[in-house]
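Trainee: Could we go through some charged pairs together, with the reasoning behind each label?
Mentor: Gladly, let's bring up the model.

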There are 2 protein chains.
Amino acid sequence: MNQKSDIEIARAARKKPIQEVGDRLGIPTEALIPYGHDKAKVGQAFIRSLGERPDGKLILVTAINPTPAGEGKTTTTVGLGDGLNRIGRKAAICIREASLGPCFGMKGGAAGGGHAQVVPMEDMNLHFTGDFHAITSAHNLLAAMIDNHIYWGNALEIDERRVTWRRVLDMNDRALRDIVTSLGGVSNGFPRQTGFDITVASEVMACLCLAADLEDLQERLGNIIVAYRRDRSPIYCRDLKADGAMTVLLKDAMQPNLVQTLENNPAFVHGGPFANIAHGCNSVIATRTALKLADYVVTEAGFGADLGAEKFMNIKCRKAGIAPDAVVIVATIRALKMNGGVARADLGAENVAAVEAGCPNLGRHIANVKSFGVPVVVAINHFTSDTEAEIAAVRAYVEAQGSEAILCTHWADGSAGTEALATRVAEIADSGRAQFAPLYPDEMPLFAKIETIAKRIYHASEVLADQKIRDQLRQWEAAGYGHLPICMAKTQYSFSTDPTRRGAPTGHGVPVREVRLSAGAGFVVVICGEIMTMPGLPRVPSAEEIGLNAAGDVEGLF
Amino acid sequence: MNQKSDIEIARAARKKPIQEVGDRLGIPTEALIPYGHDKAKVGQAFIRSLGERPDGKLILVTAINPTPAGEGKTTTTVGLGDGLNRIGRKAAICIREASLGPCFGMKGGAAGGGHAQVVPMEDMNLHFTGDFHAITSAHNLLAAMIDNHIYWGNALEIDERRVTWRRVLDMNDRALRDIVTSLGGVSNGFPRQTGFDITVASEVMACLCLAADLEDLQERLGNIIVAYRRDRSPIYCRDLKADGAMTVLLKDAMQPNLVQTLENNPAFVHGGPFANIAHGCNSVIATRTALKLADYVVTEAGFGADLGAEKFMNIKCRKAGIAPDAVVIVATIRALKMNGGVARADLGAENVAAVEAGCPNLGRHIANVKSFGVPVVVAINHFTSDTEAEIAAVRAYVEAQGSEAILCTHWADGSAGTEALATRVAEIADSGRAQFAPLYPDEMPLFAKIETIAKRIYHASEVLADQKIRDQLRQWEAAGYGHLPICMAKTQYSFSTDPTRRGAPTGHGVPVREVRLSAGAGFVVVICGEIMTMPGLPRVPSAEEIGLNAAGDVEGLF
């Protein structure tokens, strides 16, 4: 084969100066703040000036439940963006930034793959434009101000046992999950148990990704609940007067980053909240800016459609006042086979029966997305091991669901491989068929919202939550938080809360382990099962192989 | 008066595009990596291409022992650079980057003041080009890899009680000084006591600031000692295979940053190691690059000349193979009065006797610097409260020491206020009078080096160190570290180790509390007294007043 690797393809890219890429969208050079020659931030004043322009069409790329076989959601997002440009449409891509920490654990983290990538890939997997570092600083400034307040007399009467605000680092470091701070005597404060999460799990990240502008960001930061008093009354970030300084630290991070695909099409890469305890979408400000500048905006959401698309619709679209015109669900023959019960080692052999057995997973995602009033196209992300018969089986299944499945070869062929998909998606988006509505209204009680998601999206029979959790939800309703949407944190591998239950399970219960109020971001997190907010490094971290080669290029990062 | 504040002056600056500033030094546009329109990094390839060019003249700006009255060392560095350009010389400035953490504690942190500032001031006091964040990431990656190694079986047999590598954050956070990590059970590792320092205290910072290039940086990082075994044998960063990935994280941070003064003259702002447990100078790569590009390079060192200039000479110049052609010692009438015993509240009244009583502090610094074979000029940084008689007293004293004192008004007048100083400094630097030699040879035993500094620079009568410390130094000599220079960590406020002993004390002992080996940076740290490597926030942190105003400008940071 002598096939080139992702990194070889990325290094061979003929990047255009970022000003030329911005020019394609009508962004004047003076509105682009350069970070090197191939990255830029879009200036706030220019974004404000876009005000009343009409929006382009919004296309969400989501996927079936992920398997170790891979689906290629980001690759398809990039490929579709390039495909739309290829057929003469003015299209931009909106994706999330990568987290630095995990890059030193397992290989990976590239933005797309093959001939459907966003570049500069190395920068995007390292510090990029510093956004995550700014979030780390803002988050930890607030943490320092909490302990400092307690140290100097605790006028707010913070209960040291009820400080909920932890610290963050963009690093996989299990040793920091659970720590005791302020040891060493009087001058170091009052010892207490706390810990670090990874930066993408920070509520500051979620606030930044949902904020309309810097003013809204400061409002959200001020609303964050950081601790409680002995009487259980909340202490807000605003009470500590930290919101102004945090906003200053985030003023550049709030501006969307512009880069390009291998085919020199514009891509906004901005924000990256966790897809479990947060909503898993790129920033609202990037998506809105792209919608003002392009006729078609292709974006993605984290995990499978049961989590990612559901949160995109119920949290991001609701908050941002935007609506998708079409949804693409990505599937691979390999992943459908795994959903159909095939082990990873046996994926190479043709197995039409297994593909058919896995299709109900896809079918349920199609039906779920349609229930939001949005038309669906299935993209089959082609692997060389796929057979004609397997592909035909998927097509037939999807047609029987009243949708259509289109084979895409963007990994190997770039935009030439997504012409058919792009043409169909543009037709649907232009048709005005979409009649988007969120799944539940703001005024529905919190527990009923959870039940609605569990029953209508997961096809569960019931939500299991003890009295303490139900009481907590009612307390938040009484405190004025009842209008918030729900952010579900459960396994990405199944519609159920059991990661081994592939396919389309029914009749399962959804046990709620814990609920958390993200009052700044503006949602109630419902935790079903174990959620890890600080990863560890593996036995042999990829960091051991990462280094600069003689030419000064980065080796081992991908 | 209606005098403008530093920030008002900085905001009114007419900045030139950074490419124009680089062009003044002959840096081609393609060799500048822009960070916004007013900051850039200088590319590695261009720096390498400068190879055999002759060096310009190097001028060090240092100061008398600092007092709360202020000396204006950075302001004078900037003013002198502008003054040299004003009189037609091609001059560049090299100063340190500011640390983010302290900016949220006390006001300040500006780069210079009045009409002698470097801009963009706000960026420089916030994330700037991300160098410190990169250092934080590299440092903490190594920390995570140490605990991860222990977690997965500890093949290197690290003694968990003897892990010397802590973690860092660029934040004033006393709660993190002393912590216990890895609580919470088996999956989080082995609990142990450790802590965080502020990023500028990281040995990674010292390595970056002393490294000649990326290859040398990786070598130094690999040499860092992170822990010991039960048999006291050292574990190096290299043993954990972390040096390659750390170098990748630092590849952009290693490139010097170019900005400009208010008068559009070039300024390299790069690196910022602590001036106590590290050497307190800007990066070697920035200074060397500036020397290749400019005819005169004005740089500064941390604290007073007893610490800053001594380390500049004995550590930075020795390691980098550079030598100063002239030294400027900055003094103010106010600070001399405080050295002469006047309280801060009484500084406004004329007091020639107090000025004369304080002059011996200046006199000793003059003699010390001359002992390195370098000619000295004193710059009197003018305050409006200074009287003619007070200035005359300083002039007379300095002349009696065989040097000269020149009054400078750069704070009020910019380069017009340093014409006389610049003219005289250029004359001296051009004269070739300097015959620089470090204070002690590499081969001198470590304890004798400490005694040499204590007796010749501090005028102490003896060094007090118990047997354990002397044995430790001998062990390091046996292990091959005897050639390293000494990095003294003592109070900046006095020649002695007692911060209240102003003036020019003699006959004092220098008690050594602890010695540390910075095998990566390449020096032995000798700690005399309490050294704080993680500051705390004050009762009312300045962060409470920091915010964006209606125009989007930062308020409260300065």
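**Charged pairs and their burial**

Mentor: Asp173(A) has a relative accessibility of 1%, in what is a predicted model.

Trainee: Why is Asp173(A) called buried?

Mentor: Buried means under 20% relative accessible area. Asp173(A) is at 1%, so the label applies.

Trainee: What makes Arg167(B) and Asp173(A) a salt bridge?

Mentor: The cut-off is 4 Å between a side-chain nitrogen of Lys or Arg and a carboxyl oxygen of Asp or Glu. Here the N to O distance is 2.9 Å, so the pair qualifies. This contact crosses between chains, running from strand β7 of chain B to the loop between β7 and β8 of chain A. Arg167(B) is buried too, because its relative accessible area is 1%.

Trainee: Why is Arg166(A) called partly exposed?

Mentor: Its value is 25%, and partly exposed covers what lies between under 20% and over 50%, so that label fits. Arg166(A) forms a salt bridge with Asp197(A), with the closest N and O atoms 3.1 Å apart. One residue sits in the loop between α7 and β7 and the other in strand β10, so the bridge ties together parts 31 residues apart in sequence. Asp197(A), at 12%, counts as buried.

Trainee: How do you know that Lys251(A) and Asp252(A) meet in a salt bridge?

Mentor: Their N to O distance is 3.7 Å, and the limit is 4 Å, so the pair counts. Lys251(A) is buried at 13%, while Asp252(A) is partly exposed at 26%.

Trainee: How many salt bridges does a search of the whole structure find?

Mentor: It finds 49 over all chains.

Methods:
Residues are numbered from 1 along each chain as its sequence is written. Chains are lettered from A and ligands numbered from 1 in the order in which they are written. This is a predicted model: local features need pLDDT of at least 70, side-chain atom pairs count only at pLDDT 80 or more; totals for chains, interfaces and linings use all residues. Side-chain values use heavy atoms; hydrogens and water are left out. Helices (H or I, at least four residues) and strands (E, at least two) are DSSP runs, numbered from the N terminus. Buried means under 20% relative accessible area, exposed over 50%, partly exposed in between (1.4 Å probe, protein chains only).
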